[in-house]
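Got a fold in front of you and no idea where to start? Here is a friendly walk through it, one question at a time.

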Amino acid sequence: MNDPTRNPYRYAAVWRGLGWIMVAAVVVLSLVPQLPKAPSLLGWDKAQHFLAYAVLTAWFCQAYSRHWRWPAFFVALGALLELLQGFTGIRTTDPFDILANTIGVSIGLGLSFTPLASGLRRFDDLVSRCLETPSE
């Protein structure tokens, strides 16, 4: 039986676990009171949002499957975290951050339709070959 939800990666649990660690990092960095100061060149704050959500979406579309639930999840997560920032009393809700997150999700999804979408597959194969014990 061909199960489309079955992940063909040998180290699927590792790739999925790394994905959830990245999600946890985004959640923590979104809600901590003070972020480390980063250069403010060319809208760096928006670039961070854009890049984080593009990477997350592209990663999850590879580590699990390309499915509408991942872009929907990350758009919702980005909006929710941005709204929660407004309740911290220290940080504020910025609708342009939500827009940057959503654009990042769109780009990440778009990348999952390109040859880059096989990057995790190739890396999984490489790790598998490197970790195989030679048989005598």
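What follows is a set of questions and answers on the core, the salt bridges, the aromatic rings and a pocket.

Q: What kind of model is this, and how are its residues numbered?
A: This is a predicted model, where local features need pLDDT of at least 70 and side-chain atom pairs count only at pLDDT 80 or more, while totals for chains, interfaces and linings use all residues. Side-chain values use heavy atoms, with hydrogens and water left out, and residues are numbered from 1 along each chain as its sequence is written.

Q: How many residues does the largest nonpolar core have?
A: A nonpolar core is a set of buried Ala, Val, Leu, Ile, Met, Phe, Trp, Tyr and Cys residues joined through side-chain atoms within 4.5 Å. Buried means under 20% relative accessible area, exposed means over 50%, and partly exposed is in between (1.4 Å probe, protein chains only). Val-23, Tyr-53, Phe-60, Trp-70 and Leu-77 are among the members of the largest one, and its full count is 11 residues.

Q: Which elements give two or more residues to this core?
A: Helices here are DSSP runs (H or I, at least four residues), as strands are (E, at least two), and they are numbered from the N terminus. The elements that reach two or more residues in the core are helix H1 (12-31), helix H2 (44-63) and helix H3 (69-86).

Q: Which residues does Leu-77 touch, leaving out those up to four places away in sequence?
A: Contact means heavy atoms within 4.5 Å. Leu-77 is itself one of the residues of the largest core. With sequence neighbours up to four places away not counted, Leu-77 touches Val-23, Val-27 and Tyr-53.

Q: How many salt bridges are there?
A: A salt bridge is a side-chain nitrogen of Lys or Arg within 4 Å of a carboxyl oxygen of Asp or Glu. By that rule, the count is five.

Q: Which residues are linked with Lys-46 in a network of salt bridges?
A: Lys-46 meets Asp-45 at 2.9 Å, N to O, and it also forms a salt bridge with Asp-94, again with the closest N and O atoms 2.9 Å apart. Asp-94 sits in the loop between H3 and helix H4 (95-111) and Lys-46 in helix H2, so this pair ties together parts that are 48 residues apart in sequence. Lys-46 is partly exposed at 27% relative accessibility. The network links Lys-46 with Asp-45, Asp-94 and Asp-97.

Q: Is Asp-124 buried or exposed?
A: Asp-124 shares a salt bridge with Arg-121 (3.9 Å, N to O), and the two lie three residues apart in helix H5 (residues 119-131), about one turn of the helix. Arg-121 is partly exposed at 25% relative accessibility. Asp-124 has a relative accessibility of 1%, so it counts as buried.

Q: Why is the pair of Trp-20 and Phe-73 called edge-to-face?
A: Rings of Phe, Tyr and Trp (its six-membered ring) pair if their centres lie within 6.5 Å; planes under 30 degrees apart count as stacked, over 60 as edge-to-face and the rest as tilted. A search of the whole structure finds 11 aromatic pairs. For Trp-20 and Phe-73 the centres are 5.9 Å apart and the planes are at 65°, so the pair is edge-to-face.

Q: Which residues form one aromatic cluster with Phe-60?
A: Phe-60 and Tyr-64 make a stacked pair, 5.5 Å centre to centre with 10° between the planes. Phe-60 counts as buried at 0% relative accessibility, whereas Tyr-64 is partly exposed at 22%. The cluster joins Phe-60 with Trp-20, Tyr-64, Trp-70, Phe-73 and Phe-74.

Q: Which element gives the largest share of the lining of the second largest pocket?
A: On a 1 Å grid over the protein atoms alone, a pocket is an open set of points where a 1.4 Å probe fits, with protein on both sides within 12 Å along at least five of seven lines, and lining residues have an atom within 4 Å of a point. The second largest pocket is lined by 13 residues, with Ala-54, Val-55, Ala-58, Trp-59 and Leu-111 nearest its centre. H2 and H4 each supply at least two residues of that lining. The largest share, seven residues, comes from H2.
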